[in-house]
Amino acid sequence: MSLKRFLTSLSVAVCLGVMAFQAHAQTPPSPIIAIVDVPGVIRKSEAAKTIGAQMETFRTRYDEESRVQSGQRDVQGRLRTLDRAYQGALRKVELKLAEIIEGLATERGVNLVLVASAAVIYTPSMDLSEESLARLNAALPSVTVELTNQ
């Protein structure tokens, strides 16, 4: 066996040994899983309902103004403004929900939270959706949609 071959074999053996040791030393914890229907919680939340009501008012007003103004570019700009405002308001709800889910997970010792659509079968005790919704409604009962012309 040549020296080069020996060193290569030794290097591979050392690497495999180190990897095996690290894999054994860093055994991940057993999963404690919870489920949250994130889209459902957001859809049912009081904050999302207030966003929807405000957006409907803005759309109605923009539609009326659009009939008076015939400029297509202006209408498209207003639609983009509405979309940005909606996305910004919805983002506030999503961030608060993520904070709430993280808190619930910590309280219950959960180390893995899945979106309900990712789970085929789960027991109702794993579902944090209703508790998340209740806490979201208490923490964020409404969100103001902020229209900005950018």
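Which side chain does the side chain of S129 join in a polar contact of 2.6 Å? In this predicted model, the partner is D127. That pair is a handy way into the structure, but the overall layout comes first.

The protein chain folds into five helices and two strands. Read from the N terminus, the order is α-β-α-α-α-β-α. The chain has 150 residues, and 26% of them are buried. Its accessible surface adds up to about 10500 Å², with carbon and sulfur atoms accounting for 59% of that. Contacts tend to reach a long way along the sequence: of those between residues at least 6 apart, 89% join residues at least 24 apart.

Back to S129, which sits in helix α5. With a relative accessible area of 7%, S129 falls under the 20% cut-off and therefore counts as buried. Besides the contact with D127, the S129 side chain reaches the backbone nitrogen of D37, at 2.7 Å. D37 also turns up among the residues that S129 touches beyond four places in sequence, along with I35, V36 and V41. Two of the elements in this stretch are β1, residues 33-36, and α2, residues 38-44.

Helix α5 itself covers residues 129-139, and S129 shares its buried status there with S132, L133 and L136. Looking down the axis of α5, these buried residues fit within an arc of 100°, so they line one face of the helix. E130 and A138, on the other side of α5, are exposed.

What lies under that face? The largest nonpolar core holds 27 residues, and the members touching the most others are I51, V93, L136, V143 and V145. At least two core residues come from each of β1, α2, α3, α4 and α5. Helix α4 gives the largest share, with ten residues. One of the well-connected members, V93, shows how the pieces meet: setting aside neighbours within four places in sequence, V93 contacts I42, S45, A47, I51, L136, L140 and V143.

L140, one of those V93 partners, belongs to the segment after α5. At 17% relative accessibility, L140 is under the 20% cut-off and so counts as buried. Apart from neighbours within four places in sequence, L140 is in contact with A47, K92, V93 and K96. The C-alpha atoms of L140 and K96 are 7.6 Å apart in space, although 44 residues separate the two in sequence.

Now for the charged pairs. The whole structure contains seven salt bridges. One of them ties the side chains of E146 and K92 together, at 3.1 Å from N to O. This pair links distant parts of the chain, with E146 in the segment after α5 and K92 in helix α4 (residues 72-108), 54 residues apart. K92 is partly exposed, with a relative accessible area of 37%. K92 has also appeared above as a contact of L140.

Other salt bridges stay within a single helix. E131 and R135 meet through their side chains at 2.7 Å, N to O. Both residues lie in helix α5, four residues apart, which is about one turn of the helix. Shared partners extend this pairing: salt bridges join E107, E131 and R135 into one network. E131 is partly exposed at 30% relative accessible area, and R135 is partly exposed as well, at 28%.

A similar arrangement turns up in helix α3, residues 46-68, where K49 and E46 lie three residues apart, about one turn of the helix. The closest N and O atoms of this K49–E46 salt bridge are 3.8 Å apart. Both partners sit between the 20% and 50% cut-offs and so count as partly exposed: K49 has a relative accessible area of 47%, and E46 has one of 36%.

Key
Residues numbered from 1 in each chain as written. Predicted model: local features only at pLDDT ≥ 70, side-chain atom pairs only at ≥ 80, totals over all residues. Heavy atoms only, no water. Buried < 20%, exposed > 50% of the residue type's maximum accessible area, 1.4 Å probe, protein only. Contact = heavy atoms within 4.5 Å. Areas by Shrake-Rupley, 256 points an atom, 1.4 Å probe, with all protein chains shown as cover. Arc of directions from axis to C-beta. Salt bridge = Lys/Arg side-chain N within 4 Å of Asp/Glu carboxyl O. Core = buried A, V, L, I, M, F, W, Y, C linked by side-chain atoms within 4.5 Å. Polar contact = N/O pair within 3.5 Å; in protein donor to acceptor, adjacent residues only side chain to side chain.
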